[in-house]
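Welcome! Please take a look at the sequence and the structure shown here, and then read on for a short guided tour.

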Amino acid sequence: MPSAQKVRWSQLRVGVMAIGAMVIAGVLIFLMTGEKKPWTRDVALYTYMDNSAALGRGAPVRLNGILVGKVEEIILSGEKIPNRIVKIHMEVEQARLRDIPVDSVAEISAENVLGAKFINISMGRSPQTVQPGAEVRSKDVQEFQELVQQGYTTLASLQGIL
């Protein structure tokens, strides 16, 4: 029969291994399901628009269609100047700033006519790149809304035909 000291030592080892296994499992679950990569650093970029077009917090920010960040905040800027009424705060991976020239243009896009909206930054041609906290010029949202309205008109016509 093992001594009491050996039994306690074995129980301690089993407990430490169980706690270690739970910590490893928790870290793996976090890394596999988390949207944010813990080893990347995000920086702020801003854009201004007339209308948020129902863009939501957490919406993707894409550079020529490639995911580079997310929308952090959408607020009223307090300005009355056209195309500067709504301020959109974007968090973009710092490593991607070198891919965004200063003459790039941000616009609200949708995955399809009825789909979720996102910010798409069309890459410019300037050799200079944006700096953290910089403003990215924006395209007028009205063009997007007109496109969506045309889509609704087409859908209504199609429904009438069916």
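## A link across the chain

Let us begin with one pair of charged residues: Lys139 and Glu107 meet through their side chains in a salt bridge, at 4.0 Å from N to O. This pair ties together distant parts of the chain, since Lys139 belongs to the loop between S7 and helix H2 (142-161) while Glu107 belongs to strand S5, 32 residues apart. Lys139 counts as partly exposed, because its relative accessibility is 34%. Please keep in mind that this is a predicted model.

## The overall plan

What does the secondary structure of the chain come to? There are 2 helices and 7 strands. If you read along the sequence, you will meet them in the pattern α-β-β-β-β-β-β-β-α. The chain has 162 residues, and 28% of them count as buried.

## The sheet

In which order do the 7 strands form their open sheet? The order is S1-S4-S3-S2-S6-S5-S7, and the pairing is mixed. At the edges stand strand S1 (42-49) and strand S7 (137-138); each has a single partner strand, so one side of each is left without a neighbour in the sheet. As background, the strands of a sheet pair through backbone hydrogen bonds, and they can do this in a parallel or an antiparallel way.

You can find both kinds here. Strand S2 (residues 60-63) and strand S3 (residues 66-76) run antiparallel and are joined by 4 bridges. S2 also pairs with S6, this time in the parallel sense, through 3 bridges. Strand S5 (residues 105-110) and strand S6 (residues 117-122) form an antiparallel pair with 6 bridges.

## Partners in the strands

Now for some individual residues, starting with the hairpin of S2 and S3. Leu63 has Ile66 in S3 as its bridge partner. The hairpin has 2 residues between the strands, and Asn64 takes a positive phi near 50° there.

On the S6 side of S2, Val61 has Ile119 as its bridge partner, and Arg62 stands opposite Asn120. Ile119 of S6 is also the residue that Ile108 stands opposite. Another bridge to S6 pairs Ala106 with Ile121.

Is Val61, which lies in strand S2, buried or exposed? Val61 counts as buried because its relative accessibility is 0%, and the cut-off for buried is under 20%. The C-alpha atoms of Val61 and Phe118 are separated by 6.0 Å, although these residues are 57 residues apart along the chain.

## Charged pairs and a small network

How many salt bridges does the structure hold? The number is 6. In general, side chains of opposite charge can pair when their charged atoms come close.

One of these salt bridges joins Arg84 to Glu79, with the closest N and O atoms 3.2 Å apart. Arg84 is partly exposed, at a relative accessible area of 23%, and Glu79 is partly exposed too, at 27%. Both residues belong to a network of salt bridges that links Glu79, Arg84 and Glu135. Elsewhere, Glu93 and Arg96 form a salt bridge through their side chains, at 3.9 Å from N to O. Arg96 is partly exposed, with a relative accessible area of 28%.

## Charges over rings

Arg84 appears again in this part of the tour. Besides its salt bridge with Glu79, Arg84 lies over the face of Tyr48, at 3.9 Å from the ring centre. In a similar arrangement, Lys87 lies over the face of Tyr46, at 4.3 Å from the ring centre. As for pairs between aromatic rings, the structure holds 0 of them.

## A nonpolar patch on the surface

Our last stop is on the surface. A nonpolar patch of about 1,100 Å² is made there by Ile19, Met22, Val23, Ile24, Val27, Leu28, Phe30, Leu31, Met32 and Trp39. Among these residues, Ile24 is found in helix H1 (residues 4-33).

Why does Ile24 count as exposed? Its relative accessible area is 53%, and exposed means over 50%. So Ile24, a member of the patch, is exposed, whereas Val61 in the sheet is buried.

How values were computed: Residues numbered from 1 in each chain as written. Predicted model: local features only at pLDDT ≥ 70, side-chain atom pairs only at ≥ 80, totals over all residues. Heavy atoms only, no water. Patch = residues over 30% accessible without salt bridge, like charges linked within 9 Å, V, L, I, M, F, W, Y side chains within 5 Å. Areas by Shrake-Rupley, 256 points an atom, 1.4 Å probe, with all protein chains shown as cover. Buried < 20%, exposed > 50% of the residue type's maximum accessible area, 1.4 Å probe, protein only. Pairing = 2+ DSSP bridges. Phe/Tyr/Trp six-rings, centres within 6.5 Å; stacked < 30°, edge-to-face > 60°. Lys NZ or Arg CZ within 6 Å of the ring centre and 35° of its normal.
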